[in-house]
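Trainee: I am new to this structure and would like a close look at a single part of it, with the surroundings explained afterwards. Please take the charged side chains as the place to begin.

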Amino acid sequence: NLGETHLLTGLIYCKNCGSKYTFVKGYKNSSYAICRNKKIYGKMICDSKNIKEDILNEKILNSLKDIFSKYAKKDYIVNNLEYENENNIKETLLQEKANLEEKLSENNNIKFNLYKDKTNNIILEKDYIEFSNKLSKDILSLENRIKYINDEVEKISANHKNKENILQLVDKFLNTENITRNDILQLVDKIEIGAHIEHLKIFFKFSI
């Protein structure tokens, strides 16, 4: 069934011609990965090797585990250092936001009282306009800075969540055989295979 979704469907690319690999049924219902260009146009266009699917899957999963084993400890240390640094940045931003919100509240109160002074003829219209315009600029500046801080804090939180998901998936690869297609899709962008299955390169969706 060529419509069947295999573990690595859509992820394997031929280094020889750049085409994706597809899966076909072989002898005794065994499945093979074959370059799409080779399948459609023949060896004159691409003479890459066909690869038995179970061998391909085993090779890719073992390669992923080898890579994660090599970098796991280093990444754990690096991620914890990054977490500490990012948390310090987040705390600094949140403290600045609290100070800005206090200042914003003060400016809004001043502007309101200024308007009351104008309506009670305590200050002249031209003075009210001058002071009010200055306060409005200050208020807008404070609001823009608060919005920027909110965006940065949200980015840090989202980054932490993404790192935690990656670390959990890496841990799953290292400690279990029950790896799903979805697990691979969350970590791997594409896999490039050269003239031989040993000549493969894995492109991740994150830096490693």
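Is Glu96 buried, exposed or partly exposed, and what is its relative accessibility?

Mentor: This is a predicted model, so every statement here describes a prediction. Glu96 counts as partly exposed, because its relative accessibility is 26%, and a residue is called buried under 20% and exposed over 50%. The partner of Glu96 is Arg145, with which it forms a salt bridge whose closest N and O atoms are 2.8 Å apart. Since Glu96 belongs to helix H2 and Arg145 to helix H3 (residues 125–175), the pair ties together parts that lie 49 residues apart in sequence. Arg145 is itself partly exposed, its relative accessible area being 31%.

This pair belongs to a wider set, for the count of salt bridges comes to eight. Another of them joins Lys118 to Glu125, where the closest N and O atoms are 3.6 Å apart, and Glu125 is partly exposed with a relative accessible area of 43%. A further one is found within helix H3, where the side chains of Asp151 and Lys147 meet with 3.3 Å from N to O. Those two residues both lie in helix H3 and are four residues apart, which is about one turn of the helix. Asp151 is partly exposed, at a relative accessible area of 32%, whereas Lys147, at 51% relative accessibility, counts as exposed.

Lys38 makes a useful contrast to these pairs. Lys38 lies in helix H1 (residues 36–41), and it is buried yet has no salt bridge, the nearest side chain of opposite charge being that of Asp47, 7.6 Å away. The distance to Asp47 is 7.6 Å, and a salt bridge requires the nitrogen to be within 4 Å of a carboxyl oxygen, so this pair does not qualify. What the side chain of Lys38 does reach is the backbone oxygen of Ser48, at 2.7 Å.

Around these helices there are also strands to place. Three of them form an open sheet in the order E2-E3-E4, with antiparallel pairing, and its edge strands are E2 (21–25) and E4 (51–52), each of which pairs on one side only. Strand E3 (residues 31–35) pairs with E4 in the antiparallel sense over two bridges, and within this pairing Ala33 stands opposite Ile51 of E4.

A second group of three strands has the order E1-E5-E6 and is likewise described as an open sheet, here with mixed pairing. Its edge strands are E1 (12–14) and E6 (200–204), each pairing on one side only, and the twist from one strand to the next averages 25°. Strand E5 (residues 188–193) and E6 pair in the antiparallel sense over five bridges, and in E6 the residue that serves as bridge partner of Glu192 is Lys201.

Finally, a word on confidence, which should be kept in mind when reading the details above. The mean pLDDT of the protein is 86, and 91% of its residues reach 70 or more. Confidence is lowest in helix H2 (residues 53–119), at a mean of 84, and highest in E1, at 94. To return to the starting point, Glu96 lies in helix H2, and helix H2 is the element where that mean is lowest.

Terms used. Residues are numbered from 1 along each chain as its sequence is written. This is a predicted model: local features need pLDDT of at least 70, side-chain atom pairs count only at pLDDT 80 or more; totals for chains, interfaces and linings use all residues. Side-chain values use heavy atoms; hydrogens and water are left out. Two strands pair if DSSP finds at least two bridges between them. Axes are lines fitted to C-alpha atoms, for helices over the stretch in contact, and angles run from 0 to 180 degrees between N-to-C directions. pLDDT is the predictor's confidence in each residue, from 0 to 100. Buried means under 20% relative accessible area, exposed over 50%, partly exposed in between (1.4 Å probe, protein chains only). Lys and Arg count as positive and Asp and Glu as negative; His and the chain ends are not counted. A polar contact is a pair of N or O atoms within 3.5 Å; within protein, one must be able to donate a hydrogen and the other to accept it, and residues adjacent in sequence count only if both atoms are side-chain atoms.
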